[in-house]
Amino acid sequence: MPPEPHPDPLTTLAWLVESGADEAVQDTPVNRFVAPSPSRTSSPAPLTGEGNANARPARSHWEGGKPSSSTASGPTASGARPAPEAAANPSSDHIGRAMEVAAACTTLPELKATLESFEGSPLKRTATNTVFADGNPDARIMLIGEAPGRDEDRAGLPFVGRAGQLLDLMLASIGLSRTENAYITNVINWRPPGNRDPSPEEAAINLPFLRRHIELFDPGIIILLGAVSARHVLGKTEGIMRMRGKWSEYFVGARSVPAMPTLHPAYLLRRPIDKKLAWRDLQAIAAKARELKIL
Ligand code: URA
C-alpha cells in the first residue's frame with residue numbers, strides 16, 4: 001500500500017520518483033484512439049498506403065506499455081484536470097500533426113529535419129538524439145528495426161551497439177553493408193526510457209513518419225527485424241517464428257514491395273542456436289535481391 005500523500009508536494013514528488021514513477025498519468029483511463037470529432041477544422045493529410053492492411057498500425061505486445069504523454073494527461077494551464085474526451089484529443093492531434101508534417105516532406109533530409117523539430121512525441125523529451133537512419137540512401141534494400149537503445153540514443157544512429165555489430169556481420173554474409181547497398185531505420189525514432197516498450201500511442205505517433213520514410217526511400221526489398229517491426233509495418237499479429245522467412249507485400253502507392261520478417265539480432269545474441277534460421281532468411285533475401293537485380 002502506498003503511504004498517504006505527503007502534504008508537501010516536493011516530498012511527495014521525490015517519493016514518487018524514488019518509487020519508479022517516471023510519467024504523469026491521470027486517475028481515469030483515457031482512450032487515445034478515440035476518433036477525432038468530425039467538427040475538427042484541420043483533418044490530417046492522407047498518406048500513400050493509408051487505409052490498407054500494410055499501413056494500419058498493428059496492435060502488438062507494445063499494447064502492454066503504460067499509457068503515457070503527460071501532454072495529454074497533465075493538468076491544463078488553469079490547473080484543472082481535463083475531461084477524458086478533452087484529454088484524448090491532444091494525442092490524436094499529435095498523430096494528425098505527424099501525418100500532416102510527414103506527408104509534406106518530399107526528400108529524406110527534409111523528413112529527418114522534420115522529425116528533429118517535431119515535438120509531438122513524449123519519447124522525444126527523454127531521448128538524447130533523434131535516431132533517423134544509417135546507410136546508403138540510394139540503396140535498394142531497407143532494414144527496419146524496433147527502437148533505438150542506449151548506444152543508438154547517444155550516437156544518433158540505429159544499430160551501433162552489440163546487436164548492430166551482429167547485424168553488420170549478418171549483412172556482410174550476403175554481400176550487404178550500410179556503406180554500400182543497405183539502409184537501416186527503426187519503427188521508433190526516439191529511445192523509450194529505460195528501453196521499455198513504447199506505448200501504442202507513442203508508436204502511432206511515429207508510424208506516419210515511418211510510412212513516409214519508406215515511400216521516400218522507395219525500397220526494392222524491405223527486411224523487418226523482429227516481431228515489433230513486422231507487426232507494425234505489415235499489420236500482422238502473429239509471432240515472429242510464424243512470420244519469419246515468408247515474403248509479404250508492402251505497398252508503396254500502387255507498387256508492391258517484397259518484405260521479409262526475420263529474427264532480430266538482439267534476439268540472436270540471446271539465442272545463438274537460432275542463427276541458422278536467420279541464415280536461411282538471409283539466403284532467401286539474397287536470392288530475391290539477385291532476382292530483382294538489386295544485388
Ligand atoms: N535494436 C533496434 O531494434 N534498433 C536499434 O537501433 C538498436 C537496437
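Nine names frame the ligand: Gly145, Glu146, Ala147, Pro148, Glu152, Pro158, Phe159, Asn186 and His264 surround it. The model is predicted. The ligand sits in the largest pocket.

**Surroundings of the ligand**
- The shell around the ligand holds 4 nonpolar, 3 polar and 2 charged residues.
- Pro148, Pro158 and Phe159 are among the residues that surround the ligand, and by class they count as nonpolar.
- Glu146 and Glu152 also belong to that surrounding set, and Glu counts as charged.

**Polar contacts and cover**
- Glu146 offers a polar backbone atom 2.8 Å from an oxygen atom of the ligand.
- Ala147 also takes part through its backbone: a polar atom there is 3.2 Å from a nitrogen atom of the ligand.
- Asn186 uses its side chain, where an N or O atom is 2.8 Å from a nitrogen atom of the ligand.
- On its own, the ligand has 240 Å² of accessible area, and the protein covers 90% of that.

**Confidence in the model**
- The average pLDDT of the chain is 80.
- A score of at least 70 is reached by 69% of the residues.
- Residues 35-87 have a pLDDT below 50.
- That stretch, 35-87, still has 105 contacts in the model beyond near neighbours in sequence.
- Where pLDDT is low, predicted coordinates should not be read in detail.

Key. Residues are numbered from 1 along each chain as its sequence is written. Side-chain values use heavy atoms; hydrogens and water are left out. A residue is near a molecule or strand if one of its heavy atoms lies within 4 Å of it. A polar contact is a pair of N or O atoms within 3.5 Å; within protein, one must be able to donate a hydrogen and the other to accept it, and residues adjacent in sequence count only if both atoms are side-chain atoms. Accessible areas come from the Shrake-Rupley method with a 1.4 Å probe; for residues, only the protein chains shown count as cover. On a 1 Å grid over the protein atoms alone, a cavity is a set of points where a 1.4 Å probe fits but cannot get out, and a pocket is an open set with protein on both sides within 12 Å along at least five of seven lines; lining residues have an atom within 4 Å of a point. A molecule sits in a cavity or pocket if more than half of its atoms lie within 2 Å of its grid points. pLDDT is the predictor's confidence in each residue, from 0 to 100. Contact means heavy atoms within 4.5 Å.
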